Amino acid sequence: MEQTKDPLKVIIIDDTEDIHSNIKILFQNQVTHSVLDELSEEIFGNTKKKTSNKSNFDITLDSAFQGKDGYEMIKDAYENGSPYSVAVVDMRMPPGWDRLMTIEKIREVDQDIEIIISSAYSDYSWQDIADRLGVSNKYLFLSKPFEVAEMKQMIIALGQKWLLDRNNKKHIEELEDARRAIESAIQAKEDFLGVMSHELRTPLNIIIMTIEDFLEAESDPDNARILRNSEDSAKYLARLIDNIMYFIHLDSHNFQHDNSDVNVEDFLNEILESYEDQVSQGNIKVSKSLDPDLPDLYIDKKPLQVAILQVIENAFKFTDKGNINISTKLVQGNGSNCISLVIEDSGIGMTKQELDQAFELFYQGEPSNHHSRAGTGVGLSLCRKALSSLKGTITCVSEEGKGSKFTINIPIDMPISKKAPEKLIS
């Protein structure tokens, strides 16, 4: 145990002077033995085991012969920042305060002090005392007559207990301070995100709407092409800001889901609508194979949308010409069921090194043959984090030059059945 800098203070409240003297003699003898051992070692080089049984902290003993006096000493010590660790209180010390009143008064000013209640005879039974003081690990009952050495061991043990309790209380307070600091930092981060989200999105939305207005009025094909490129870049930047903000938001441990019913087929069609222009150019063919028994999900739409949109966006980005296949099915496992969504493309694929690092934050592959494929390295990391918030998973198999296959699994709490369920909770 860590030593205290100052000695632990013990107060004896008893009207019998011999009790005070005998206990003090025992502790004085302990110190005397220690001094003799040190002197013997210095003179004779004696290295044998010391005779003292000294505890690993010093103890000072104070005396009070009436309850009120003891209370005042304990009150003053507590208010001065040097509280007593143990009080030995006799239950019968006429005249003066009722001894239970003494203990109750002591407890009013010091909730942590350990109290040894001793008596040969009392106006109260032990049950009466327990009922009045309440059940507590801060009281120890000892009947007289008792061995003074036994009292000494109790004082040492309770002193150690008091010290441990005090250190534990200090550590708990430090942890509580740290918790409050963390909560304050999280709140500050949330406030910052709110401000930044507003400050960044507002001008971008104005830019996008302005470009759209110009596009509607523009008849020159070259100018229209420039405006569309500007619009695409502005929308890409808006999505990028959304992704970064949402990634940071998902790091908050207090993330709350906003569940609603989601029809998977309608959900996928809604996402694919934004890629109609690329499909209409004829370079990429999109095919879907959806399980007819696929039920609706009761799930938070936002993280699901973020994850699926990112994978589909990557499929279009890394496929110049070829196929993108999207399929869904119900999968029944050992005690758990899930909806499996597979998005497979015939694009440029990934090397083994790129595949190993694909889901790491800010990792970017290096497709030297197509500058437009450069990204921020946030997408797939965000995808995994978003799915993790839904207790879902994502895996990928890929080969350079042969495309990539992403599999997303979303758990559902239901037995798989041909009957349409009322609601599924993810």
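**Note on a predicted model: helices, sheets and a cavity**

1. Helix α5 (residues 148–217) and helix α6 (residues 221–250) pack at an angle of about 165°, and their axes lie 10 Å apart. Therefore α5 is roughly antiparallel to α6 (angles over 145 degrees count as roughly antiparallel). Axes are lines fitted to C-alpha atoms, for helices over the stretch in contact, and angles run from 0 to 180 degrees between N-to-C directions. Helices (H or I, at least four residues) and strands (E, at least two) are DSSP runs, numbered from the N terminus.

2. This is a predicted model, in which local features need pLDDT of at least 70, side-chain atom pairs count only at pLDDT 80 or more, and totals for chains, interfaces and linings use all residues. Residues are numbered from 1 along each chain as its sequence is written, and side-chain values use heavy atoms, with hydrogens and water left out.

3. By class, the contact of α5 with α6 has 17 nonpolar, three polar and eight charged residues. Ala, Val, Leu, Ile, Met, Phe, Trp, Tyr, Cys and Pro count as nonpolar; Asp, Glu, Lys and Arg as charged; the others, Gly among them, as polar.

4. One open sheet has five strands in the order β2-β1-β3-β4-β5, with parallel pairing. Two strands pair if DSSP finds at least two bridges between them. The edge strands are β2 (59–64) and β5 (139–143), each pairing on one side only. Neighbouring strands here are turned by 20° against each other on average, direction ignored.

5. Within that sheet, strand β4 (residues 114–119) runs parallel to β5, joined by five bridges. Serine 119 stands opposite serine 143 in β5.

6. Another open sheet also has five strands, ordered β7-β9-β10-β12-β11, but its pairing is mixed. β7 (284–290) and β11 (393–399) are at the edges with a single partner strand each, so one side of each has no neighbour in the sheet. The average turn between neighbouring strands is 15°, direction ignored.

7. β7 and strand β9 (residues 322–332) run parallel and share seven bridges. Lysine 288 has isoleucine 326 in β9 as its bridge partner.

8. Which elements give two or more residues to the lining of the largest cavity? They are α7 (264–272), α9 (301–317), β10 (337–345) and β12 (403–412). The largest share, three residues, comes from α7. The lining divides into ten nonpolar, one polar and no charged residues. Among the lining residues are Val264, Phe267, Thr328 and Ile410.

Technical notes:
Parallel < 35°, antiparallel > 145°, perpendicular 65-115°, else oblique. 1 Å grid on protein atoms, 1.4 Å probe; cavity = no way out; pocket = protein on both sides within 12 Å on 5 of 7 lines; lining within 4 Å.
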